Every structure is written in C-alpha cells, then in structure tokens.
Amino acid sequence: MHTALAVGLCALLAGVPKAKLPALSSVTAGDYVEYEVSGSAGAKVVLRLQAAEVSKAEVVVDVRAVRGRPVRWLEGGARFRLAPGGQAPKEKAKARPNFDARPVSLQRGGAMFACQNYAWGSQKPEGTRGAGCEASPAKELALTGGLVDETVMSPEETYSVALVGVGHAEVPSPAPVEAFRAGSSWTTREALGVTVRREVSSAGGKVVTTSTGVPATGGKGKTTETSQTLLEVLRVLLSTLPDAAPEGLPGPEVTAGPRPLETVLVERPARGKSPARVETRAARPGEVPEAPLPVRFGALVVEEKGEKPKVLQQVTEWR
C-alpha cells in the first residue's frame, strides 16, 4: 500500500467511533441468530446459530441449515464450542483501499441494529470490492461478533452474508455431532511435501486454528494461530465442503485414523489451466462422528490426473 493511501486510511479509521462489541457472556441458552449466506454459485442457505448450553467456561452453539439449498454436512446440524475467556490471536486488520465508514442503524429481522456501515474497493476494474455493516454492540449478535451483513466481490470468490433473524427458542434434540472434538486434529501432506497439522480450539469467543507446518526436508516446524468468528468459519466451510454426497466408484480403504474409512473416488474435470483430478472422499461420514468435520466431508486425497499422476494433497493422520 502506498504511504499516502496508508496514512489516509489510518486517519479515516481513527475517525470512526470504536463500538463496544457484545460480550459472549450475555448469551442465554436458546438465543439464536439467522444469517443468509450465498457464494459464487448463487445458491443461498439460511443458517441458524443457536446457543444450546451456556456456562462461564464455554458457550455450546448448534448450527443448522433452516432454509435454502440442502447442505449435506449440516443435515443433522453441527455443534461448536466457544470459550468466552482467554485471548484469541490478533488478526491483521483487513486491507480496505479507499475505505469509507459511518455509523448507521439498520432494520433486520424485525429489529433495529446500530452498526458501522462501510464500503471499500480497488480502483482497478477487476479489483476486489466489499461493503457491509459490522461492530454492532447489540447483545443479540454476540454469537457472531456484532456482524450485520457483509458482501465481497473478487475475481476469485464472491459471497454475501446477511442477518435475517434473531430470537429465542427451545433447543432441538437430539444434539448435533461435534464439528471438532476436544483434542482432535488432522495432518495433511500438501504442496512441495510440506506436512501441516491442524487443531481447532477456542478463545475470546472466537474459533482458533493452530497449524504446524514441517517442510519435507525436516527441521523445526513453524506454528501459526488464526482466529475467526464462528460465522466466518461456517462461510468458509460452505465454500469448500461439497453440499451433496459424492458420486463415484468405490475407492481404497484409508487407514490414516483410529479406524479405517471406506471411500469413494470422485472425478473432477479440468478447469482452465487446472488439469483433471481425482478426489478420495469418505463414503459414509456418519460412521465416523469422532473425526474432525473436514476429514469426514472433505477430500482425503487429491490426485492430479495425467501421464504422471501426482498427489496434490493427502490426509496422513487424524484423531
């Protein structure tokens, strides 16, 4: 970023009143928020995030798809755990060129919410642009860090997230399967032979992902921590995990975890400069509820097709 633009952006941000975000401790069991999420494909889904159990140590949140496109990995819901205490790792501020923000009040789900309305965008025609309203102090939005709505348009991905409802209701039963059980992790061999181990926890009301990467040449691994709101995690999962059951030929049994997984081989056609590939996925995710959600529903192996097939990504261990 050019110095003049950086200075102007900092000055503009300094002029925006810093709202006090709602505390996760203000949530009670049964409180829920609903957001409509859509991606580049255009299909929309409405997610309900509902506090199922609340204590000083954690808030248990059940997530279900209540309207819109069917999402296979949310058919029975997914359970997440948020810890109000502790310090989540600080994320770098979002780069928003030509940022403009102002306080407003918006009506969503039959209620008014004060928030910081913003818009930003690249001066290049093909650049990334975004808009939204965030940092609402309303306690009804404590589960999502005060976000009212957000839209991002870029050459790589376009998505929107919008609040459509808030309320309080009885928590449905049975309880959904845990998305990430305490102590669970998964290890993936990725590009250039780098091995990355990931573990999901929570602190400061956010989802924290700890990743340790070890190069193929060995040596000391590098550990990084990232923090996201639960809504951010869900949006990424919606864009990366398939909605429907995999269709393909039976694949080899994968024994990377405590129990073997029966698999299906899914063909992916070539796209642009990317060659065709084959993905190995779990045939019956419901049989391994203890596996981390990306292992149950994501690709266990991604192989590039061609005269010399090449493994691009592979889950080597999960627990």
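This tour moves from a sheet to a helix, then into the core and on to one buried arginine. The model is predicted: local features need pLDDT of at least 70, side-chain atom pairs count only at pLDDT 80 or more, and totals for chains, interfaces and linings use all residues. Residues are numbered from 1 along each chain as its sequence is written, and side-chain values use heavy atoms, with hydrogens and water left out.

**The sheet.** Select the nine strands of the open sheet, in the order β14-β13-β12-β11-β19-β18-β17-β16-β15; the pairing is antiparallel. Strands are DSSP E runs of at least two residues, helices H or I runs of at least four, numbered from the N terminus. Two strands pair if DSSP finds at least two bridges between them. Go to the edges: β14 (222-228) and β15 (249-250) each have a single partner strand, so one side of each lacks a neighbour in the sheet.

Now pick β12 (195-203) and β13 (206-214), joined by nine bridges. E199 faces T210 in β13.

**The helix.** Add α2 (230-240). This helix lies across β13 and β14, at about 105° to β14 (axes fitted to C-alpha atoms, for helices over the stretch in contact; angles from 0 to 180 degrees between N-to-C directions).

**The core.** Helix α2 gives six residues to the largest nonpolar core, the largest share. That core has 57 residues; L49, W73, F80 and L230 have the most contacts inside it. Such a core joins buried Ala, Val, Leu, Ile, Met, Phe, Trp, Tyr and Cys residues through side-chain atoms within 4.5 Å. Centre on L49: beyond four places in sequence, its contacts (heavy atoms within 4.5 Å) include V61, L143, L230 and L234.

**The arginine.** Finish at R64 in β3 (59-68). R64 counts as buried because its relative accessibility is 18%; the cut-offs are under 20% for buried, over 50% for exposed and partly exposed in between (1.4 Å probe, protein chains only). Its side chain reaches the backbone oxygen of P174 at 3.4 Å.

How values were computed. A polar contact is a pair of N or O atoms within 3.5 Å; within protein, one must be able to donate a hydrogen and the other to accept it, and residues adjacent in sequence count only if both atoms are side-chain atoms.
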